[in-house]
Amino acid sequence: MADTYVLVHGAWHSGELLEPTAKHLRSRGHTVHCPTLAGNRPGDDRAAIGLADAARSLLDFLESERLENVRLMGHSYAGMVISQMADWAPQRLRRLIYVNAFVPLNGQCLNDMVPPHYKALFESIAAANGNAVMLPFPIWREVFINDADFALAESSYARLNPHPYRTFIEPVTLRTELAALQIGKSYVNFQQDVSLPHSMPWHPRLSERLGLFRLAEAPGSHEVLFTHAELLAKKIEEAGRD
């Protein structure tokens, strides 16, 4: 059965980087969109854009494309954005799919869910770079894309872009907690993802906040969109089925 997917990228990424994954989903008959959020577009003012702005840009996209019955996938930081979308436009959504993504409670920001050393690092980088953060390459290599060879780690890092720090410190506003929503919810967990330490894991620490949800798991790092795009597509489809 052909479904409609909107794939939402994480911090430092763009919609273009999800196109290899989208290609595999399209080959299976699905309609797939990969928008780039406000804050990660060329020319965006990284100092001026916060979480609500990024979420508004996604809502504008859904409305301009007149999309309904959407399987909305969020990777990493985009868990914040799709969670806000569930509050703003539930009538457009069929299912939320979190891929090693943040699952906030009402009033939480992304930094509330990361280790203290990440928060301190991001704050220092943002202070020196006009409130934009860029992930240092050693962290990218060792814990974000640990299943890649060095050449892929280096070439993929070159495709990232500075990210607006305000999106990490502005809270989400949810009238209803995600666990209480009747919409379908899924969590995809790649098991070698150590971008968050395993003492503060993606799953089940964050996934259980969804209440009733479907779990899909596979081997892989945080950046399977670069290392195993076909596997990522397979797991998104598995998580997105009714």
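## A walk from the core to the charged pairs

The largest nonpolar core has 78 residues, and L7 and L72 make the most contacts inside it. A nonpolar core here is a set of buried Ala, Val, Leu, Ile, Met, Phe, Trp, Tyr and Cys residues joined through side-chain atoms within 4.5 Å. Buried means under 20% relative accessible area, exposed over 50%, and partly exposed in between (1.4 Å probe, protein chains only). Helix 2 (residues 51-64) gives this core its largest share, seven residues. Helices (H or I, at least four residues) and strands (E, at least two) are DSSP runs, numbered from the N terminus. In soluble globular proteins, nonpolar side chains tend to be buried together.

Before going further, please keep in mind that this is a predicted model, in which local features need pLDDT of at least 70, side-chain atom pairs count only at pLDDT 80 or more, and totals for chains, interfaces and linings use all residues. Residues are numbered from 1 along each chain as its sequence is written, and side-chain values use heavy atoms, with hydrogens and water left out.

Let's return to L7. Leaving aside neighbours within four places in sequence, L7 is in contact (heavy atoms within 4.5 Å) with residues including L18, L25, V32, C34, M73 and I236. One of these partners, C34, is buried at a relative accessible area of 14%, and C109 is buried too, at 9%. A search of the whole structure finds zero disulfides, a disulfide being a pair of cysteine sulfur atoms within 2.5 Å.

Next, look at two loops. H13 sits in the loop between strand 1 (4-8) and helix 1 (19-27), and is buried with a relative accessible area of 2%. Its side chain makes a polar contact of 2.8 Å with the side chain of E223. A polar contact is a pair of N or O atoms within 3.5 Å; within protein, one must be able to donate a hydrogen and the other to accept it, and residues adjacent in sequence count only if both atoms are side-chain atoms. E223 also connects to S221, whose side chain reaches the backbone nitrogen of E223 at 3.1 Å. S221 lies in the loop between strand 8 (214-218) and helix 8 (224-227), and counts as buried at 0% relative accessibility. A further polar contact, of 2.6 Å, joins the side chains of S221 and D147.

Now for the charges. The whole structure holds nine salt bridges, each a side-chain nitrogen of Lys or Arg within 4 Å of a carboxyl oxygen of Asp or Glu. R28 and E237 meet in one of them (2.6 Å, N to O). This pair links distant parts of the chain, 209 residues apart: R28 is in the loop between helix 1 and strand 2 (31-33), and E237 is in helix 9 (residues 229-240). R71 pairs with D242, with the closest N and O atoms 2.8 Å apart. Here the partners are 171 residues apart, R71 in strand 3 (residues 70-75) and D242 in the segment after helix 9. R71 is buried at 2%, whereas D242 is exposed at 56%. Both belong to a network of salt bridges that links D3, R71, R94 and D242.

Which charged residue is buried yet has no salt bridge? R92 fits that description, and the nearest side chain of opposite charge, E68, is 4.3 Å away. For this purpose Lys and Arg count as positive and Asp and Glu as negative, while His and the chain ends are not counted. R92 is placed in the loop between helix 3 (78-88) and strand 4 (93-99).
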